[in-house]
Amino acid sequence: MRISIFGLGYVGAVCAGCLSSRGHQVVGVDVSASKIDMINAGKSPIVEPGLAALLKKGISTGLLRGTTDFAEAVRDTEVSFICVGTPSKKNGDLELNYIEAVCREIGQVLRSKTERHTVVIRSTVLPGTVKNVVIPILEACSGKQAGLDFGVAVNPEFLRESTAIADYDQPPMTVIGELDQASGDLLQEIYQELDAPVIRKDIAVAELIKYTCNVWHAAKVTFANEIGNIAKASGVDGREVMDVICQDKSLNLSSYYMRPGFAFGGSCLPKDVRALTYRAGQLDVEHPMLGAIMRSNVAQVQNAFDIIASHAKRKVALLGLSFKAGTDDLRESPLVELAEMLIGKGYELTIYDSNVEYARVYGANKEYIESKIPHVSSLLNSNFEQVVNGSDIIVLGNRDEKFRALAQHAPDGKQVVDLVGFMPHTTRGATEGICW
């Protein structure tokens, strides 16, 4: 394939070397004449193990060349990767000047180009950048329509410095955000030799995937450091602790707790977070990340309340009261907290939870229900249809399969708020999700 790469910094230079080594014809484009001279001399403009050899090979085989002539590069290729930098502004936002400039250059050439061309954003950009910045510039400068007259896609990279070539050759996944199917097909063809799953998504999803990966890595480092600091202050080797934590692939390093949704609760998580952060305070160990966990959890309960309150309706059915389906445990259930907020604000609340209903009469939690939350338990109704029919807003609180159908087909005239993730689609019409 004939590929032009705009921006020969870290990502662009690595991609140029790796793509040319696989037989693609690559034209590297940069405003820096010195970088272009280095590329054409088979030298690497950055320090990265193995890259100089790939660039030298590409030049010697004639599959790689560098130029400062952007118009020629676009005319001579069928796809352009934009790999320019997106540095931080002082306020933390992204500086998009380089991307905007490249898009204007490419768009101007597309105006007179008859062959279909695809523009691929490889730079790291926030969700909405392609829709609100890239496409409008390309369309304005070319006079053509994205997705029809030319292709647009996002292809985030997951290259780590010092291991970039190995990461390119053996990626965990190949993410393609496509505006149109033809653009996605073209990118999938480029990466067909890589042994990795190809994940094709909407452009905005692909944009956010990249950021989520990087922030998750940062969160893991911070978490391990805070645990390590608490461990050391307690006379424990934090490396031993985290080594064992990482051996658990069923829960600790898995997708189990990685689903967006409602707040956590139960007898363990809230209690243990508070206890460990209290001990950290006693030891005078700074723990800003761990210390924010409970505040974030409370904020998610408030988020659910705000969604309910955004609808001008007062009759609410809360389906589920225990923190988890299949249990009657109400200890620190965020659904109890939500119920109390609704009661306090004067909502006409009815609750359905078959497990809690049983516990109220027979279970081990009977005493807790009667002594701690009698005002909440008095609102329980064992007639599911009556609870649903008598409400204006139906809140799906836990993962009881009995509630799934309501998320798929909201009853006429009623608003469904899904805190669980039953919805097969994102928020629309009479069905709203807390995180989707």
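By class, nine nonpolar, two polar and three charged residues make up the lining of the largest cavity. Keep in mind as you explore that this is a predicted model.

**Empty space inside**

How do we find such gaps? Rolling a probe the size of a water molecule over the atoms shows where empty space is left. Here, the structure holds four cavities of 30 Å³ or more, and the volume of the largest cavity is about 120 Å³. A total of 14 residues line this largest cavity, and those closest to its centre are Arg122, Pro156, Pro171, Met173 and Thr174. Try finding α7 (164-169) and β7 (174-178) in the structure: these are the elements that give two or more residues to the lining.

**Nonpolar cores**

In soluble globular proteins, nonpolar side chains tend to be buried together. The largest nonpolar core in this model has 37 residues, and Ile82, Ile99, Ile106, Val130, Leu138 and Val152 touch the most other members. At least two residues of this core come from each of β2 (25-29), α4 (70-75), α5 (97-110), β5 (118-121), α6 (129-142), β6 (151-154) and α9 (203-233). Which element gives the most to this core? It is α6, with seven residues.

Val130 is a good residue to click on. Leaving aside residues up to four places away in sequence, Val130 touches Ile121, Ile135, Pro136, Val152, Val154, Ile203 and Glu207. Apart from this core lies another one, of 34 residues, including Ala16, Leu19, Ile39 and Val79.

**Cysteines without partners**

How many disulfides does the structure hold? The count is zero. Cys83 is in no disulfide, and the nearest cysteine sulfur, that of Cys15, is 4.9 Å away. For Cys103, the closest cysteine sulfur is in Cys141, and at 8.6 Å the two sulfurs are too far apart for a bond. Cys83 counts as buried because its relative accessibility is 9%, and Cys103, at 0% relative accessibility, also counts as buried.

**Two unusual backbone angles**

Most residues other than glycine have a negative phi, and most peptide bonds are trans. The table shows two residues with a positive phi although neither is a glycine.

| Residue | Phi | Loop between | Relative accessible area |
|---|---|---|---|
| Asp284 | about 60 degrees | α11 (269-282) and α12 (288-291) | 71%, exposed |
| Glu332 | about 55 degrees | β9 (315-319) and α14 (334-344) | 34%, partly exposed |

Where should you look for these residues? Asp284 is in the loop between α11 and α12, while Glu332 is in the loop between β9 and α14.

Conventions
Residues are numbered from 1 along each chain as its sequence is written. This is a predicted model: local features need pLDDT of at least 70, side-chain atom pairs count only at pLDDT 80 or more; totals for chains, interfaces and linings use all residues. Side-chain values use heavy atoms; hydrogens and water are left out. On a 1 Å grid over the protein atoms alone, a cavity is a set of points where a 1.4 Å probe fits but cannot get out, and a pocket is an open set with protein on both sides within 12 Å along at least five of seven lines; lining residues have an atom within 4 Å of a point. Grid points are joined across faces, edges and corners, and a volume is the space filled by probe spheres set on the points. Helices (H or I, at least four residues) and strands (E, at least two) are DSSP runs, numbered from the N terminus. Ala, Val, Leu, Ile, Met, Phe, Trp, Tyr, Cys and Pro count as nonpolar, Asp, Glu, Lys and Arg as charged, and the others, Gly among them, as polar. A nonpolar core is a set of buried Ala, Val, Leu, Ile, Met, Phe, Trp, Tyr and Cys residues joined through side-chain atoms within 4.5 Å. Buried means under 20% relative accessible area, exposed over 50%, partly exposed in between (1.4 Å probe, protein chains only). Contact means heavy atoms within 4.5 Å. A disulfide is a pair of cysteine sulfur atoms within 2.5 Å.
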